[in-house]
Structure formats: C-alpha cells, structure tokens
Amino acid sequence: MGFANVSSTFTRYRVLEQPTAELWAQIPVLLKRYAFRDIDALPGEERSFGWTSFDDMLDIGWEAATPEKGAYLAFALRLETRRIPPAVLKKHLMLALREEKRRNAEQNRPLFISRERKRELKEQVQLRLMRHFLPIPAIFDVIWATVAGLVYFASTQRKILDIFEEYFVKCFDIPLEQLTPYGLAAMNLTEHEINHLDTLEPTSFA
C-alpha cells in the first residue's frame with residue numbers, strides 16, 4: 001500500500017545527519033545509480049531491489065517526473081522476488097538425481113552421489129526453473145521531509161524495513177533512526193522531562 005492510496009501503513013524515521021549541500025545536489029544522480037535492476041538481467045538471482053519513481057514504478061530514470069516535490073523528496077523502493085514452489089524444486093531435483101544415477105550406471109561409475117555433486121545439481125535445477133517463473137513485484141513508497149528531517153516508508157514488515165534501512169544508508173551514507181513511541185516523545189520534551197520519562201515504570205492492567 002502506497003501513500004497515494006486511501007489508507008496506508010508506514011514506518012517513520014529520523015535522519016541522524018543533516019545532508020550537505022553537495023549531497024542534496026547529488027540526490028538525483030544517486031537515485032539513478034542505485035535504481036532498480038530488472039531481475040531478468042540477473043540470472044540465478046531470486047530477488048532484486050532498488051529505487052524507482054514515486055509516480056511510475058517502471059520509470060527508473062525519472063524521465064516523467066523528478067523526485068523533488070517542494071520541500072519533499074518522493075521515490076519508491078521496488079522489490080521483485082522470483083520464487084520456485086518447494087514441491088516443484090523437490091520434484092525436478094529428484095528427476096535430476098535419477099538421471100545422474102542412470103548416467104553413472106551407463107558409464108560403470110559408482111551410483112553414489114556425493115553431497116557436493118547434489119549441491120551442484122540443485123543449483124543447476126534452480127537456475128533452469130527460475131527462467132519459467134515470473135518475478136512478483138512490490139512497491140514501497142518513500143517520502144523524505146527534507147526540512148523536518150523525517151523519512152516515511154510505506155511498510156511495517158521487518159524484513160522489508162531491514163532492506164530499506166541498509167539500502168538507504170548505502171545510497172546516501174546517512175544513518176536513520178526508527179522513531180519508536182519513546183523516540184517521538186523525546187523529540188518534544190526537555191532534557192529534564194526526558195530524565196523523568198526514563199524513571200517511569202510500565203503499569204500492568206492484567
């Protein structure tokens with residue numbers, strides 16, 4: 001669910017370092033450098049992710065609209081995953097092992113298949129099967145409030161958040177801090193009030 005929908009869930013972050021003027025000028029270049037790469041161009045890969053346009057998930061060059069939206073930057077994390085159903089992989093691996101034993105018998109070689117050879121056969125089967133499964137796309141919007149120093153990411157899934165946080169730092173070299181309820185409170189309290197907050201203990205209503 002993106003921010004353009006009627007409703008959405010999101011995670012809020014605080015930018016821990018204020019970007020320099022040089023970095024702001026490089027944002028469009030960095031977005032293109034770390035843009036999404038089609039998984040079809042990555043043989044054997046099960047997953048691919050990268051930045052894309054907020055307005056069009058297929059526009060990885062920001063040709064239709066720039067990421068700058070007034071005091072905000074708007075782009076998206078595009079993630080595509082190609083999965084082979086376990087039952088399908090198991091079936092074709094069994095067929096490959098059977099074929100391997102048949103060839104060994106024809107060549108008067110031992111029928112035993114080593115663990116290393118089984119691993120090689122599994123990788124070959126996976127690579128062959130991946131060509132027959134279409135990648136599943138997912139889009140997660142990103143809104144960067146440049147003045148407030150806040151970043152809104154349209155997901156609450158822990159695995160997706162990990163991908164986003166690591167990729168954001170890799171791209172912009174700026175650390176993020178996820179805003180928990182405590183963090184949100186600390187942003188609006190004085191030092192004395194924060195110290196008092198630290199002394200509070202939770203109440204059990206059970």
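A salt bridge here is a side-chain nitrogen of Lys or Arg within 4 Å of a carboxyl oxygen of Asp or Glu. The model is predicted, so local features need pLDDT of at least 70 and side-chain atom pairs count only at pLDDT 80 or more, while totals for chains, interfaces and linings use all residues. Residues are numbered from 1 along each chain as its sequence is written, and side-chain values use heavy atoms, with hydrogens and water left out.

**Exercise 1. Find the salt-bridge partner of Arg78 and state whether each of the two residues is buried or exposed.**

Step 1: Place the residue. Arg78 sits in strand β4, residues 72-81 (strands are DSSP runs of E with at least two residues, helices runs of H or I with at least four, numbered from the N terminus).

Step 2: Look for the partner. Arg78 pairs with Glu80, and their closest N and O atoms are 2.7 Å apart.

Step 3: Check the cover. Arg78 has a relative accessible area of 7% and is therefore buried (buried is under 20%, exposed over 50%, partly exposed in between, with a 1.4 Å probe and protein chains only). Glu80, at 5%, is buried too.

Step 4: Add the backbone. A polar atom of the Arg78 side chain also lies 3.2 Å from the backbone oxygen of Met57.

**Exercise 2. Work out how far apart in helix α3 the partners Arg119 and Glu116 are, then do this for Glu120 and Arg117.**

Step 1: Take Arg119 and Glu116. Their salt bridge has its closest N and O atoms 2.5 Å apart. Because the two are 3 residues apart in helix α3, about one helical turn separates them. Arg119 is partly exposed at 41%, and Glu116 is partly exposed at 44%.

Step 2: Turn to Glu120 and Arg117. Their side chains meet in a salt bridge of 3.1 Å, N to O. These residues are also 3 residues apart in helix α3, so about one helical turn lies between them.

Step 3: Widen the view. Arg117 and Glu120 belong to a salt-bridge network that also links Glu99, Glu100, Arg102, Arg103 and Glu106. The structure holds 12 salt bridges.

**Exercise 3. Locate Arg33 and decide whether Arg33 is buried or exposed.**

Step 1: Find the element. Arg33 belongs to helix α1, residues 21-33.

Step 2: Read the accessibility. With a relative accessible area of 56%, Arg33 is exposed.

Step 3: Compare sequence and space. Arg33 and Phe168 are 135 residues apart along the chain, and 12 Å separates their C-alpha atoms.

Notes
Polar contact = N/O pair within 3.5 Å; in protein donor to acceptor, adjacent residues only side chain to side chain.
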